[in-house]
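Trainee: Could you pick one part of this model and go through it closely with me? I'd like the overall setting as well, so I know what I'm looking at.

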Amino acid sequence: MFMAMPSPPKLTLQGITKRFGSLVALDGISIEFIPGQIHAVLGENGAGKSTLMNVIGGFLRPDSGAARFEPGHELPLGDPSGTRAAGIEMVHQHFMLIPEFTVIENLALATIGSLSGPLDLPFDRFNTLLTKLGWEVDLHARTGSLPVGAQQRVEILKALATDGPVLILDEPTAVLSESEVNDLNRVLRELRDSGKIVILIAHKLAEVLAIADWISVLRNGKLVGSVSGAMADETQLKSWILGDSSSIESPAAQPTVASDESEFVLRAHDIFVRGDRGEEAVAITSLGVKRGEIVGIGGVDGNGQVELAEAVVGIRHIRSGQLRAIGKVGYIPQDRQVDGLALEMSIKENFEIKQDSDLVVLPSVVSANARSLIEKYNIKANNINNKVASLSGGNQQKVVVSRVLEGKPDLIVAVNPTRGLDFSATQFVHDAIRLAAREGAGVLLITADRDEFRELATKFLYIDRGNVHDQGWVR
Amino acid sequence: MGQVKLAIALIIVIALALLGFGLSPAEGISTIVSGAFGGEVGWGRTLVNMAPLLLTGLGITVAWKAGMYNIGGEGQYITGGLLGAAIARTQFGGPWAILLATAIGGALCGALAGWLQVKRGVHVAISTILLNFIALQALAWAVTGPLQAPGTTASQTEELAPPQMLTRFSSRTDLHMGVLLAVVAAIMIWGYLNFTRPGFQLRLTGENPRAARAARLNADRIRLQAMALSGALCGLAGGVQFAGVSGVIDTGFNQQWGFLGIPVALLGGLNALGVIVSSFLFGGLMAGTQTLSRTAPGGDLLIFVVQGAAVLAFLFFQPKREPTHA
């Protein structure tokens, strides 16, 4: 049935180069994106994937290079409305939603043609799309009150609404549950089959291999390899991604420190915690974490995970019950940009976001502390005086993780600590958490990522609608 | 380069404002400059005007850095002054006791607004504006009631005795100890914000209160403290005017010092050292326009028009803030 249609144009990038100060983020990238293909772009945090996508999306103007549709016109790089008019839609890694708006109002932003005249909220259009996707999203809900997984779906819906020839997704699966990922993949295949160019940034090789028709790998801003999805194998891709230094440095490989196994760092009984809207978010009869233990709490986002973490950490009021955390508590919140960092402050200052009783904070001490953590945790940062917002997502997360672990907490509460991180960074964070546990910390690992859950936890619990069970990944 | 452009723009805008009042720009500007920097008298006027501007500018800086948009410098200035005047009537009424009282008076007013914000969610910009109205009425009531000078019908407090006044450096000008105090305060606030843990936590709370909270810092307490400190500085501004210059408090005591602290703080880039510079420039502008208004038509109105035009020019031409990275 597609025979009669003229074949849609392919998108060609030629010699795209982008510098940030002395850092060459993209170094002469040339890639072809073929219609009817899902094209995955892989690479480590900071390899230039998001920068490349922001160039294609028109959000960043490259220093040199061009992009054009063939046959067709040149893409106006550096002009978001121009690239959008050309039909390039982007789902960002970080949400571009207005939290105070309802879902349908956010979606309407993508479909509104002009700013005058009455506003028709496009219910029909999105209900149709939702039915097609098989997703359930409450169009009337206030967007900010939705769990991140649901907000991600809203972002994807927004991008799908305009039906342009190119759809870019920057790590869309990071916050989705397994069945949601399957849904999304089904949708992406349908879009591909309708002749769209689908560009996908992802971290998990298995996911990429399952869906991509073509795979390109970036390292340090250069295109190091391209291969068809059918021909790709994991070892080859890994060596492209990591380069020669395929050995991953990690702080692990330390002897186990004997710790008193019977010592609890967290005990909770019959606790009830309310969410932001006053709803009953957490109801747990019993929960304990011992030193040396990594207690995993798995489950789909939005089941009371954040409320539980905040209650344990002591920043959310417990309505009733007993909760006792012994010693120092370290908290790795789930959204680094909202709860973990002060984006407008410098990198070095972000290492100082902690409780501390020292009165005088000398700049030399702050700088030395930042430098030593950057070295120890292998954080890619050019200049510690730059805003922390200038770091890539993975390196931002490393700032949070290193800051928390460096405080030598007795209890670590981590919520989705590797969300959006590439596998070497994930490995690094996992090893660091394991090491902390070996050295005697108790860890409460709250995660929606099954791989992380299986790999890291030493004890397995599940959360569903605020209740903790000891079996089943409850949907 | 940017500074040169800014200075030229500033002169043009002031010239236009002067033309609007039918004055010769050249003569007007030269009167302003000689009024501000002409000899000991001019410098004295400039520095005396600078002191309250510096203190209220610092007060605004501290609050805004903590994300508390204090618009109530005026009210805090007044409540500070009134508590100072109350202490002045007692046997403890030396100049330093008066200054301490004014700081406490302002701190209480600021802390009330801070408390309403953190406990009840009343936006501090709203509550401080309302508290300004209340403070103005309280001023009118106090100087005709409990604090009125005994045995007179004038709406003012009893004049401070010479030993109650801050030390003056010269008999020819009003230049007093409060000016030095304000500069010392600025250096201390600069050190506090940039080189101490509580100062860092204050700035962090202003940048991202959620990150402060997740790091288990008490963001509410930090904001409340910032408002108290902000109020104390604005109250102290009232103190240096009272014990340094006027010696009495009447219904015209406030003189917009609290409001002027906002543009001063903004021109100073919300940086305590920058506020020293901006309050100095502003003090000079005030001294110059005060001199001009004695001879020119328009009087006090001229002062405000020229100052307003200058602030707008400053804000318009100041280096554009770096856009944030996506």
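Mentor: Chain A has 15 helices and 18 strands; these are DSSP runs numbered from the N terminus, with helices being H or I runs of at least four residues and strands E runs of at least two. A quick word on the ground rules: this is a predicted model, so local features need pLDDT of at least 70 and side-chain atom pairs count only at pLDDT 80 or more, while totals for chains, interfaces and linings use all residues. Residues are numbered from 1 along each chain as its sequence is written, chains are lettered from A and ligands numbered from 1 in the order in which they are written, and side-chain values use heavy atoms, with hydrogens and water left out.

Setting first. For 475 residues, a compact globule would have a radius of gyration near 23 Å, and chain A agrees with its 23 Å; that radius is taken over C-alpha atoms, and the globule rule is 2.2 Å times the number of residues to the power 0.38. Along the principal axes, the C-alpha atoms of chain A fill a box of roughly 70 × 50 × 45 Å. Of the 475 residues in chain A, 54% are buried, meaning under 20% relative accessible area (exposed is over 50%, partly exposed lies in between; 1.4 Å probe, protein chains only). Among contacts in chain A with a separation of 6 or more, 69% join residues 24 or more positions apart, a contact being heavy atoms within 4.5 Å.

Now the part I'd pick: helix H12 of chain A, residues 363–376. Its 14 residues should span 20 Å at 1.5 Å a residue, and its end C-alpha atoms are 20 Å apart, which agrees; the expected span is 1.5 Å times one less than the number of residues. Which residues of H12(A) are buried? They are Val366(A), Ser367(A), Ala370(A), Leu373(A) and Ile374(A). Looking down the axis of H12(A), the buried residues fall within an arc of 135 degrees, so they line one face of the helix; the arc is that of the directions from the helix axis to the C-beta atoms. As background, an α-helix has 3.6 residues a turn, so residues three or four places apart point the same way. The cover over the buried residues of H12(A) includes helix H11 (347–350) and helix H13 (393–406) of chain A. Flip to the other side of H12(A), and Ser364(A), Arg371(A) and Glu375(A) are exposed. Just after H12(A), Asn378(A) takes a positive phi of about 55 degrees.
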